[in-house]
Amino acid sequence: MEASSRNPLFSLVLITILSSWRCVLSSSYLIGMGSHDITGPAADVNMMGYANAEQTAAGIHFRLKARAFIVAEPDGGNRVAFVNLDACMASQIVTIKVIERLKSRYGNLYTENNVAITGIHTHAGPGGYLQYVVYIVTSLGFVRQSFDVLVDGIEKAIVQAHENLHSGEIYVNKGELLNAGVNRSPSAYLNNPTSERSQYKYNVDKTMTLLKFVDDEWGPVGSFNWFATHGTSMSRTNSLISGDNKGAAARFMEDWGEQNGYPKQNAGSIADPFGFIIKKHPRRVSNIVPQPNKNFDELIQLASSIEATGGRRLSSISQRIRSNDMPKFVSAFCQSNCGDVSPNVLGTFCIDTGLPCDFNHSTCNGKNELCYGRGPGYPDEFESTRIIADRQFEKAVELFNSASEKIQGKVDSRHIYVDFSQLEVAVTSSNGKQEVIKTCPAAMGFAFAAGTTDGPGAFDFTQGDDTGNPFWRIVRNVLKRPGKKQVACQSPKPILLDTGEMDQPYAWAPAILPLQIIRIGQVVILAVPGEFTTMAGRRLRDAVKTVLIEQGNGEFNSNVHVVIAGLSNTYSQYVTTFEEYAIQRYEGASTLYGPHTLSAYIQEFRKLASALVKGQSVSSTVSPPDLLDKQISLLTPVVLDTTPFGVSFGDVSTDVPENSKFNKGQIVNATFWSACPRNDLLNNGTFALVEILDSSTNDWVPLYDDDDWCLRFKWFRPSKLSSQSHAILEWRIPENTPTGVYRLRHFGASKRLFGGVGHFTGPSRAFAVL
């Protein structure tokens with residue numbers, strides 16, 4: 001039977017098909033966004049970044065996320081996936097296992113060639129997830145929970161992005177952000193040639209580059225940007241899991257996106273019936289919030305009548321306010337060449353005298369441990385984090401709203417493994433002649449132990465030490481005495497730890513590194529496995545850009561956008577210029593493969609860029625080891641959680657005072673009998689809630705959870721070996737909070753001696769917010 005063109009159903013179907021074809025034909029790419037919780041153990045585990053053994057997790061500032069985008073050519077051609085982690089850095093063993101899972105699920109659609117995984121460099125996330133010994137010493141070895149939550153979260157973020165693939169457009173924009181980073185090693189930067197420094201206005205990169213993703217059907221669905229500043233607004237004494245300034249900026253922008261109805265199908269999903277539109281830090285709120293009660297006396301009377309009901313067992317845990325299942329606006333603030341860039345923009349000062357630190361060595365009366373950088377919210381590190389996050393967020397919104405340059409062109413990528421411990425590199429000698437040298441096995445200098453002004457080290461180590469100390473040489477030699485060849489190769493670095501030649505109980509440092517280049521039209525991303533300093537990053541970008549323009553047969557011009565994605569796929573510490581290396585500040589002492597490390601990177605990335613523009617394949621002759629089965633963990637497992645006789649898990653131990661009323665801006669807290677957060681990471685739940693009473697139904701409606709900036713979950717034991725523990729919920733009441741009756745609620749999971757894990761919850765006494 002022939003279909004009639006006058007049939008309404010036929011016409012509707014035809015219009016739908018033609019509309020879909022039109023979208024596909026008019027769009028440059030298929031784009032998909034995804035994110036997932038990767039918050040690791042919030043107790044007992046050493047935090048990764050400062051290498052401070054005393055800095056262990058004890059609660060949550062806000063949760064950590066893996067955020068992913070996938071871009072594919074619409075005709076079934078090439079595709080790339082990029083994942084940004086709220087973690088200190090990517091890990092080789094995590095990358096290996098993620099790729100294995102993706103290959104098992106999708107075959108060869110996603111491989112190490114076209115998947116990049118990078119970290120924001122927060123120093124407030126759980127450690128123990130890297131496979132090389134030197135990076136897991138302070139975490140007492142490998143921490144399986146830290147590792148598993150990353151692998152699971154990255155996979156789920158990519159799967160979500162894959163399932164969200166739709167036709168759409170991508171726009172690129174860039175602009176200057178002037179007040180979010182300063183150079184923390186200016187004396188090393190000044191050792192670069194004057195002629196080179198004169199080409200740049202600043203001694204750190206101030207450019208933020210942003211990609212805006214617009215779905216043909218849903219409208220704007222997310223953004224990723226790259227900007228260089230360290231994730232060290234939170235100090236080495238902080239014990240709350242936090243994404244630091246970049247993780248916070250991502251929170252602010254994702255909430256901003258949802259407040260603006262992005263994606264379109266989610267418009268109104270976080271509606272606020274009170275009409276409070278928060279420009280900078282929108283909060284997540286429940287779909288249903290009761291109308292505010294303006295009768296303050298009535299509110300206070302109602303609140304005073306509601307006591308804490310005590311803890312109780314749960315068969316299932318409460319879900320977070322923001323669901324992981326629905327498509328959402330995804331915004332990532334990625335790291336770049338941040339090696340010498342600090343967010344502590346007020347400068348460095350001695351904590352004993354208040355005077356500026358020594359310029360060359362960052363010491364105070366010869367002691368490095370007294371010299372600290374100050375953030376813009378000094379002395380409040382949370383406020384410093386918020387300010388630096390807010391500055392990045394505001395710039396990103398500006399770039400997002402004004403983005404007009406459409407990305408057009410191929411999607412492609414190249415990836416190769418290179419042995420940096422013995423790589424031949426062609427360099428120009430001091431007399432101008434070309435010579436071939438070799439990089440060195442990894443080693444750390446004495447100044448590595450001095451730390452930085454973001455987190456000083458201990459003992460008598462100082463930055464700028466190019467000679468070493470006789471006592472610490474003796475200590476070093478107990479572990480491994482470097483040979484003459486290694487000493488000469490690493491010179492002028494005095495070797496403190498010869499990590500590249502230490503292999504007991506297994507490898508201490510990486511030798512084989514992944515190098516990767518990703519192309520999305522006129523945007524080229526260089527995924528590097530370390531922290532490049534400002535000038536090192538500039539040299540690498542310029543070298544790759546030159547290859548793209550000169551060998552690209554007109555595909556690229558001077559407007560090509562080359563960005564560095566630092567701390568990608570694995571971690572190999574720092575990369576300085578040859579001249580900065582000679583000064584041997586912290587970054588130079590942490591440049592593992594000797595003074596020509598940067599030259600090696602430039603040489604190999606020029607090869608990758610050339611292969612990319614010429615359409616040539618590349619292959620690796622080496623591959624990194626999989627050391628998962630060799631990992632050792634000395635972290636004590638949770639044996640048992642207990643409460644005093646007659647007390648239940650979730651009971652309040654210190655409640656909100658009776659008849660309490662609070663104003664906006666004040667702090668409310670309550671303390672609960674709790675259990676170790678390692679029993680269940682609650683990645684689909686929350687340890688903390690703020691609930692508001694709907695007086696019309698007498699239902700408690702969740703308003704904030706432990707993924708919100710204003711609500712902090714703190715956990716502690718009364719003594720180190722105690723089986724008892726407490727949780728403090730601390731709510732800083734936002735200025736836009738509606739008046740009403742509120743309470744705090746704690747969730748957790750307790751471990752039985754001979755049994756499994758049981759979940760529990762308990763609320764505080766009610767209180768009024770006026």
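How many residues of the lining of the largest pocket are nonpolar, how many polar and how many charged? In this predicted model, the lining of that pocket divides into 26 nonpolar, 12 polar and five charged residues. The briefing below describes the pocket, then two open sheets, one of seven strands and one of four strands, and finally the salt bridges, of which a search of the whole structure finds 38.

**The largest pocket**

- The space in the largest pocket amounts to about 1100 Å³.
- Its lining is made up of 43 residues, and those closest to the centre of the pocket are Y50, A51, T138, F448 and A449.
- At least two lining residues come from each of the elements β22 (451-452), β23 (455-456), α9 (470-479) and β24 (495-497).
- Helix α9 contributes the most to the lining, with four residues.

**The sheet of seven strands**

- Seven strands form an open sheet in the order β7-β2-β3-β35-β36-β32-β30, and their pairing is antiparallel.
- The edges are held by β7 (125-126) and β30 (652-654); each has a single partner strand, so one side of each is left without a neighbour in the sheet.
- Within this sheet, strand β32 (residues 667-674) pairs with strand β36 (residues 725-732) in the antiparallel sense, over eight bridges.
- In that pairing, N669 stands opposite E730, which belongs to β36.

**The sheet of four strands**

- A further open sheet has four strands in the order β18-β25-β26-β28, and here the pairing is mixed.
- Its edge strands, β18 (411-419) and β28 (561-565), each pair on one side only.
- From one strand to the next, the twist averages 15°.
- Strand β18 runs antiparallel to strand β25 (residues 512-520), and nine bridges join the two.
- R414 stands opposite I517 of β25.

**A salt bridge between D44 and R678**

- The side chains of D44 and R678 form a salt bridge, with an N to O distance of 2.9 Å.
- D44 is part of strand β2 (residues 43-48), while R678 lies in the loop between β32 and β33 (688-694), so this pair ties together parts that are 634 residues apart in sequence.
- R678 has a relative accessibility of 12% and therefore counts as buried, the cut-off being under 20%.

**Salt bridges around D86**

- R67 and D86 meet through their side chains in a salt bridge of 3.2 Å, N to O.
- Because R67 lies in strand β4 (residues 65-72) and D86 in the loop between β5 (79-85) and α2 (92-106), the pair ties together parts that are 19 residues apart in sequence.
- Both R67 and D86 are buried.
- D86 also forms a salt bridge with R251, in which the closest N and O atoms are 3.9 Å apart.
- R251 lies in helix α6 (residues 244-259) and D86 in the loop between β5 and α2, so this second pair ties together parts that are 165 residues apart in sequence.
- R251 is buried, with a relative accessible area of 4%, and D86 counts as buried at 2% relative accessibility.
- Through shared partners, salt bridges join K65, R67, D86, R251, E254 and D707 into one network.

Key: Residues numbered from 1 in each chain as written. Predicted model: local features only at pLDDT ≥ 70, side-chain atom pairs only at ≥ 80, totals over all residues. Heavy atoms only, no water. Pairing = 2+ DSSP bridges. Salt bridge = Lys/Arg side-chain N within 4 Å of Asp/Glu carboxyl O. Buried < 20%, exposed > 50% of the residue type's maximum accessible area, 1.4 Å probe, protein only. 1 Å grid on protein atoms, 1.4 Å probe; cavity = no way out; pocket = protein on both sides within 12 Å on 5 of 7 lines; lining within 4 Å. Points joined across faces, edges and corners; volume = space filled by probe spheres on them. Nonpolar A, V, L, I, M, F, W, Y, C, P; charged D, E, K, R; others polar. Axes fitted to C-alpha atoms, helices over the stretch in contact; angles between N-to-C directions.
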